[in-house]
Amino acid sequence: MKKGDITFSVIGLGLSLWLILESQKFDYASKFGIGPGFFPFWLGIILAAFSLFRFIISLKQKYDAEDLKPRLPGWGSLGRIGLIMLIMAGFALVMNGLGFILTVFLFVSIILFILEGDSILKSIFYGVMFSAAVFLVFRYWLEVDLPRGLLGI
Amino acid sequence: MDIFNSLMQGFATVLTPFNIWMAVIGCFFGTIVGILPGLGPSATIAMLIPLTFGMNATPAMIMMCAIYYGAMYGGSTTSILLNVPGESASVATTIDGYQMARQGRGGAALGISAIGSFVAGILGTIGLMLICVPLAKFALKFGPAEFFSLIVMGLLTIVYVGGKSISKSLMSGVIGMALGTIGIDVIQGAPRFVYDLPELMDGVSFITVVMGIFGIGEVLVSAEERMKITPIHVKFKDLWPTVAEVWQSKWAILRGTAIGFFMGALPGAGATISSFVAYAVEKGVAKNPERFGKGAIEGVAAPESANNACTSGAMVHLLALGIPGSGATAVMLGALMLYGLKPGPMMFHTNPDFVWALIASMFVGNVILIVMNLPMIPFFAMGLRIPYRYLYPGILLICIIGAYSLSSSIYDVWVMLIFGVIGYFMKKFDIPGAPMGIALILGPMLEYNLYRALALSRGDLTVFFTRPISATLLAIAAIMTILFSSKTIRVKRKMLEEVEE
Amino acid sequence: MGRKVFICSLAVMFCVIAVMVAVEAKAAYPDKTIEFVVHSPAGGGSDLFSRAIGSILEKEGIVKQKIQVVNRDGGSGTTSLNYMFDKAGDAHVVMQFTTGPLSALLRGSSKLKMEDITFLTLMCMDPNLAFTRVESPYNDMKSVIEYAKKNPDKVSVAIGTVAGSEHISAHRVAKASGTQLNMVGFGGGGAASVAILGGHVDLGFGNVNEQMGQIEAKTIKPLGVMSPQRIPAMPNVLTMKEQGINAVYVQPRGFWAPKNFPDYALKFWEDAFFKLSKTKAYQDLLKTSYAVDSFMKHEETKTFVNDYIKVLKVDVDELGVYKKK
């Protein structure tokens with residue numbers, strides 16, 4: 001736990017510093033009470049206090065059993081997660097151009113083919129199934145306003 | 001007897017085939033949009049309003065109410081099975097509900113939430129019938145100072161919903177509050193932390209943050225390794241809760257109902273806070289609170305009852321005051337005006353037939369919902385038998401659609417993705433996400449009510465202590481803090497002694 | 001033989017119908033679903049108005065295509081304006097405007113600018129009024145102002161958002177009467193109403209439509225009307241001017257379209273909205289929502305909005321909404 005907590009409290013300290021600095025841009029008080037700068041400022045102070053507390057406690061703490069095994073998985077797993085996020089980001093980027101239904105097809109097929117190692121036929125099959133389901137439920141039945149692109153779907 | 005007669009009249013109006021059919025349609029649509037995250041009841045009701053233009057006000061309202069509480073029933077489904085909260089009101093349910101599902105007891109969790117919702121719905125409607133007007137009068141006593149104190153009390157639930165480390169829960173909570181300050185502020189209209197991004201002016205939406213941290217974060221943790229086909233093992237007998245489990249949750253359901261009903265009657269407090277408070281209360285009174293967070297059935301029963309009882313509480317507000325207490329009732333209010341009805345304190349006198357038919361329809365609707373939902377539970381619970389490799393693209397898709405349909409913009413999808421990554425690291429470093437969620441909702445309310453209270457008292461800080469309701473609430477909060485910290489210190493001492501030995 | 005003739009004639013008939021359909025489709029604008037853009041989320045006043053209008057247009061057969069209401073809410077109106085910017089030249093997009101999007105235009109944070117807009121029509125005006133709870137000692141605006149003159153900042157006013165319609169109403173009253181009112185933001189109409197009903201705040205401003213139920217139930221009482229004339233629904237309530245306060249505020253509702261909106265489409269919609277304004281269903285809608293019919297066509301609407309914005313800008317600047325430190 002020790003290393004993780006130290007990292008978190010350092011991030012907390014950084015955030016609190018930023019909050020305090022940003023809050024200076026706004027009025028601290030309004031006519032009779034608090035202004036827009038009041039809350040961010042005090043949130044910054046409180047966060048700083050908690051972070052310092054956590055930081056000191058963590059420094060005193062001994063390394064426990066959980067510190068021996070790494071908290072983050074190996075590079076292979078991190079790579080997989082990065083890929084999933086990349087594919088999702090790609091989804092958000094192309095969905096207005098391609099239209100939602102086509103994007104769903106690509107999304108599912110690519111995930112299954114690259115990440116899960118399914119055969120190309122199987123990936124395409126599931127891609128079609130997923131996009132058909134999304135089409136039926138969201139476009140046809142619930143009439144959710146999903147983007148249409150190429151082919152008007 | 002007067003109430004009884006009026007209610008019977010109401011039943012006579014409701015129990016026509018057409019009105020029942022409207023209730024069934026509403027319940028069905030409500031359940032579906034409740035299940036799908038992002039599609040809330042308010043948007044659905046608004047979309048269906050043109051469909052009801054040809055009708056009378058009564059069947060139209062029956063359908064809208066049915067959608068409203070149907071969505072509350074359905075909201076727990078994805079939070080329990082997939083860790084994706086469908087509505088903000090079901091975030092508290094994910095804490096124990098998802099743990100239950102991972103232990104193969106997803107059916108039991110869904111069942112108890114349906115039963116809890118049913119009990120809460122029926123009791124809440126009875127409460128609505130009996131004490132609607134006095135309750136509404138009491139709710140009016142809540143000014144900004146009272147709300148401030150209530151929210152302070154609500155914020156204490158942070159320490160109950162978090163994990164082992166209190167300081168980390170508090171840090172997560174403060175960061176959540178900081179997220180809540182993003183956007184145009186209510187005091188001067190100053191754009192805080194907006195950095196010229198117009199989308200940020202409305203702040204980050206709670207549901208996108210929560211779908212990211214809980215839903216996407218969980219998928220990323222599970223997807224670290226290529227999926228071997230090891231779906232969660234669901235035994236057939238676990239598809240419904242056992243009688244013993246239901247009996248075990250009886251007090252949780254009743255307490256949740258009471259909390260939800262009264263908080264629903266306070267405008268703006270709403271379903272979300274009441275579900276967190278109900279959870280915290282259950283954990284507080286439990287004999288062995290360490291079961292919570294690891295799949296305690298009471299941890300599902302209480303918040304689910306609370307958020308359903310809230311719908312009745314919100315109706316108190318709508319019917320007795322004519323002011324919407326939640327997003328969905330705001331839409332209903334608008335619709336009522338389109339039908340030429342004037343919602344307000346006079347409704348009970350000017351349109352008694354309509355009001356009593358509506359109340360009767362709430363009883364009918366709750367029966368329809370439990371009849372409709374219980375048989376569906378095994379199918380949903382069996383869904384977890386799908387191999388995870390095919391399940392997780394589906395979960396990601398549901399999250400994307402949910403975030404996108406909040407306001408039809410890709411911006412919300414990006415926010416959700418960012419919080420997905422944050423949620424992954426939070427999970428890896430044991431930083432609890434629930435405190436961040438609750439603080440994100442309560443933070444802005446705390447700030448605005450502090451500002452309003454001070455502005456109205458023209459800078460006098462003593463209002464919080466001189467007004468009786470506010471003072472009582474603050475006293476309760478203080479007692480809760482003292483009790484909790486003495487308990488924690490004792491536990492910590494004990495642990496330290498054990499370690500040193 | 002007979003069969004062949006039959007098939008041939010069938011084929012000819014089919015061709016004729018196909019050609020007719022094709023011609024019909026070419027000739028008749030709108031040839032696909034119309035988008036009605038709304039700047040607020042589903043369920044708000046503007047959203048319900050658009051949905052009601054859309055359904056009347058469809059039911060009366062004025063527009064033969066489906067009308068779909070799309071909510072592009074966010075950024076205090078900016079998101080919807082940016083959406084309209086992206087839709088330049090699209091003949092199938094129409095957006096409702098009211099004070100919200102107009103203030104967003106004034107703020108200048110959107111890609112869309114005033115000159116990019118094709119105005120279609122002005123439909124109606126929502127009247128606003130000042131009110132207080134029934135237990136309050138005040139019976140008209142005059143007495144409120146008299147008290148406020150002697151006790152600056154003692155009279156509290158619940159407003160919604162900063163520079164929203166209630167804030168602007170309150171500001172105009174304060175400015176015209178030379179008083180200082182303690183304006184407290186409540187973020188939304190619902191919370192503001194509760195604060196007034198509960199006696200936590202002295203004075204409120206709002207839409208007549210939203211307050212009518214409360215007025216009839218005698219929980220709140222109207223103090224004065226913000227419109228230039230008294231409104232038919234409450235003939236005994238004096239206007240602000242009649243009470244010696246030179247303040248006026250009305251909330252317009254109308255429709256506009258994106259840049260480069262084709263002329264034939266402009267004609268079509270001017271005509272459609274005119275027909276709409278004469279239907280009984282629409283007149284009923286106005287009656288139930290206490291709105292005042294103020295139909296205007298393209299050119300008039302443009303002039304009206306230009307003037308409206310000029311006045312609005314003064315208030316928005318004075319309220320210091322986007323002043324930077």
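**Polar contacts and salt bridges between chains A and B**

Across the interface of chain B and chain A, 14 residue pairs are in polar contact, both residues at pLDDT 80 or more; such a contact is a pair of N or O atoms within 3.5 Å, where, within protein, one must be able to donate a hydrogen and the other to accept it, and residues adjacent in sequence count only if both atoms are side-chain atoms. This is a predicted model in which local features need pLDDT of at least 70 and side-chain atom pairs count only at pLDDT 80 or more, while totals for chains, interfaces and linings use all residues. Residues are numbered from 1 along each chain as its sequence is written, chains are lettered from A in the order in which they are written, and side-chain values use heavy atoms without hydrogens or water.

The rule also finds two salt bridges across this interface, defined as a side-chain nitrogen of Lys or Arg within 4 Å of a carboxyl oxygen of Asp or Glu. A:Asp118 and B:Arg389 form a salt bridge through their side chains, at 2.8 Å from N to O.

**Extent of the interface**

Contact (heavy atoms within 4.5 Å) involves 62 residues of chain B and 68 residues of chain A. The two chains bury about 6000 Å² between them, 77% of it on carbon and sulfur atoms; buried area is the accessible area (1.4 Å probe) lost on putting two parts together, summed over both. Within chain B, the residues losing the most area to chain A are B:Met171, B:Tyr390 and B:Ile401, together 11% of what that side buries.

**Chain C**

Chain C contains eleven helices and ten strands, taken as DSSP runs (helices H or I, at least four residues; strands E, at least two). Of its 325 residues, 58% are buried, that is, under 20% relative accessible area (1.4 Å probe, protein chains only).

Definitions and conventions
Buried means under 20% relative accessible area, exposed over 50%, partly exposed in between (1.4 Å probe, protein chains only).
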